[in-house]
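Welcome, and please take a moment to turn the model around before reading on. The notes below are meant to be read with it at your side.

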Amino acid sequence: MKEKIFEIISAAIEELNEELEYEELENVTVDTPIFGGETGIDSLSLVSLVVEVEGNVNDAFDANVTLADEKAMSSRNSPYRNVGSFVDFIVAKLGDDA
Amino acid sequence: MIDIPKLLLAHEHRVALISGPQKTSYSQLFSLVDHKTKWLKSNQVVPGGVVALRGDFSTESISIFLALVSQKFVVVLLPTGDVDLEALLNQVKADVFIDTSSGEPTVLHREKMGAHHHLIEDLFSKGESGFVIFSSGSSGKPKPILHSLKRFTSKYMTADKPFVTLTFLLFDHIAGVDTLLYVLFSGGALVTPSDRKPFAICKLVESAGVEVLPVSPSFLNLLWLSGDYETHSLESVKIVTYGSEPMTQQNLDNVQVMFPNATIKQKYGTSEFGSPASKSRGNGELWIRLDGDRFQTKVVDGILFVKSETSMLGYLDDSQPILTDGWYNTGDRVETDGEWLRILGRNSDMINVGGEKVFPSEVEAVVQAVEGVIECSVYGESNPITGQMVCAAVYAQDGLDQKLLKKKIKKSCQQSLARYKVPIKIKFSDNPLTNQRQKKIRKMG
């Protein structure tokens, strides 16, 4: 499951990066930063990425999870920090949904 | 006329501006304004004119603004971004256009378009200066709002808290002008950011020792998500203010974690009235009181009405504000608890994306023009990152590749709209939208 989610995120980042052309977003790994720090994307790109991944995750796993909710906002460590944390967050969400 | 040079010299030994590593004292700012006054003259920009100014907060734009308002000018603060500049300039009959957005300021004299608006002529006949800002109005059509500098700043005569303040809010917004003038009247220092991302702002707060952080709920949200507040020292911050869009309790709780020692204060304002002094009932509360002897409020049928001595002189497009016995209807729904108010927002189709307003009709027009689209309805959906996001329901011709069409729609929107207006979510409908739209398909987020 983790691999599939990673693929979905990395495909969404690559698509987003077609416009942005950020060097740090090429060759996505679990350590690729998403939001925060000196590099990474801005808030509109983040919203767009989360919505895109949400749609594709729900299609792939026949699920109905929301990836931007109050829970994501309350956590001390944001799930959107990097690709790895986003994968873990989605795995947990799908677990709750099942 | 407000004596700007005297105002600046009153604080001559203090720091007025911090821009990157560069610090400008009030006496240096005085010289810069003097220099700009001569520069305007040498460029044949003469008093009695309407001058449109474009650019973010910078030493350059601030000194030009001050040079203009120390004389008989009306300064029009132009929005940056995807605006029809020519239409705005025509609307206010600008005589001169000064652009500071890319380094060296440029001066463009425009063809005379007949007499100025009578409110501007009245102001000039009293020997006063003023400024104009555009509000998005209720339909999305920009409305030019004229303020008298003297009237607007009368509330700052007692400003006595000289804080190091970040100019996070934009120069062309009422809240940005408010920050600028309050700080200069109080003798505080303005810190101008060149980048408004959380990391850059944290770095600036740390290096400049920012004490007042006037920001938006969305920014506070992003700051939390970025985690950048943990890797920087934000201890200098004494006051965090927020406004311009709804705040959630979750976000407010997070703000208290990020700024445990700061006073957290909600601001409320409109382009017509500026923002009065306000007090939050508690750091973690959404209840506020609008103070100030020059500002009165009342609530009728759950709608907030205000009356103020520092309000605008009027709209320059001849539309009239909704006034009853001098009370202005803000259109904002509020809850009350004794003297405390809770702002609930407006009943409208408007979508608020991180404080930026989006009107569905404007986006619909662009989507509608894409080949293959039969109908489109744009609405806001709530999103905890930016408050709301723009979504579009589309009814398209049969047999089209939806994925491809979605890309085409996004591309077309990206080309002609500001980024925050581009629909994030595009949903295809199997049925015409007309019926649904009549039943108000647009949902409140």
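What follows is a short walk through chain A, the contact between the chains, and then chain B.

Please keep in mind throughout that this is a predicted model.

**Chain A**

Let us begin with chain A, whose secondary structure consists of four helices and zero strands. Following the sequence, the pattern reads α-α-α-α. The radius of gyration of chain A is 13 Å, close to the 13 Å expected from the globule rule for 98 residues, so chain A is as compact as a globular protein of that length. Along the principal axes, the C-alpha atoms of chain A occupy a box of roughly 35 × 25 × 20 Å. Of the 98 residues in chain A, 36% are buried. Among contacts in chain A with a separation of 6 or more, 62% are between residues 24 or more positions apart.

**Where the chains meet**

The contact draws 20 residues from chain A and 21 residues from chain B. On the side of chain A that touches chain B, helix H2 (43–61) and helix H3 (70–74) of chain A each provide at least two residues. H2(A) gives the most to that side, with six residues. By character, the residues of the side of chain A that touches chain B are nine nonpolar, six polar and five charged.

**Chain B: domains and cores**

Chain B is divided into domain 1 (4–153) and domain 2 (351–438). The centres of these two domains of chain B, taken over C-alpha atoms, are 37 Å apart.

The largest nonpolar core has 142 residues, and B:Val51, B:Val75 and B:Val76 are those with the most contacts inside it. Helix H7 (residues 174–186) of chain B gives the most to this core, with nine residues. Both domain 1 (4–153) and domain 2 (351–438) of chain B give residues to this core, so it lies between them. A second, separate core of 10 residues includes B:Phe295, B:Leu304, B:Val306 and B:Leu341.

It is worth clicking on B:Val51: beyond its neighbours within four places in sequence, B:Val51 is in contact with residues including B:Val75, B:Val76 and B:Leu68. B:Leu68 is also one of the buried residues of H3(B). Helix H3 (residues 59–69) of chain B has 10 of its 11 residues buried, so this helix is largely enclosed by the rest of the structure.

**Chain B: strands**

Here are three strands of chain B to look up.

| Strand | Residues | Detail |
|---|---|---|
| S15(B) | 288–290 | holds B:Ile288 |
| S24(B) | 373–383 | 10 bridges to S25(B) |
| S25(B) | 387–396 | antiparallel to S24(B) |

S24(B) and S25(B) are joined by a hairpin through three residues. Within this pairing, B:Cys376 has B:Val394 in S25(B) as its bridge partner.

Is B:Ile288 in S15(B) buried or exposed? B:Ile288 counts as buried because it has 20 C-beta neighbours inside 10 Å, and 20 or more is what a buried residue needs. Apart from neighbours within four places in sequence, the contacts of B:Ile288 are B:Gln266, B:Tyr268, B:Ser278, B:Lys279, B:Ser280, B:Trp340 and B:Leu341. Of these, B:Leu341 also belongs to the second core. The C-alpha atoms of B:Ile288 and B:Lys267 are separated by 8.2 Å, with the two residues lying 21 residues apart along the chain.

Notes
Residues are numbered from 1 along each chain as its sequence is written. Chains are lettered from A and ligands numbered from 1 in the order in which they are written. This is a predicted model: local features need pLDDT of at least 70, side-chain atom pairs count only at pLDDT 80 or more; totals for chains, interfaces and linings use all residues. A residue is buried if 20 or more other C-beta atoms lie within 10 Å of its own, exposed if 12 or fewer, and partly exposed in between; C-beta atoms are placed from the backbone. Two residues are in contact if their C-beta atoms, placed from the backbone, lie within 7 Å. Ala, Val, Leu, Ile, Met, Phe, Trp, Tyr, Cys and Pro count as nonpolar, Asp, Glu, Lys and Arg as charged, and the others, Gly among them, as polar. The radius of gyration is taken over C-alpha atoms; the globule rule is 2.2 Å times the number of residues to the power 0.38. Domain bounds come from an automatic or database domain assignment. Two strands pair if DSSP finds at least two bridges between them. A nonpolar core is a set of buried Ala, Val, Leu, Ile, Met, Phe, Trp, Tyr and Cys residues joined through C-beta atoms within 7 Å.
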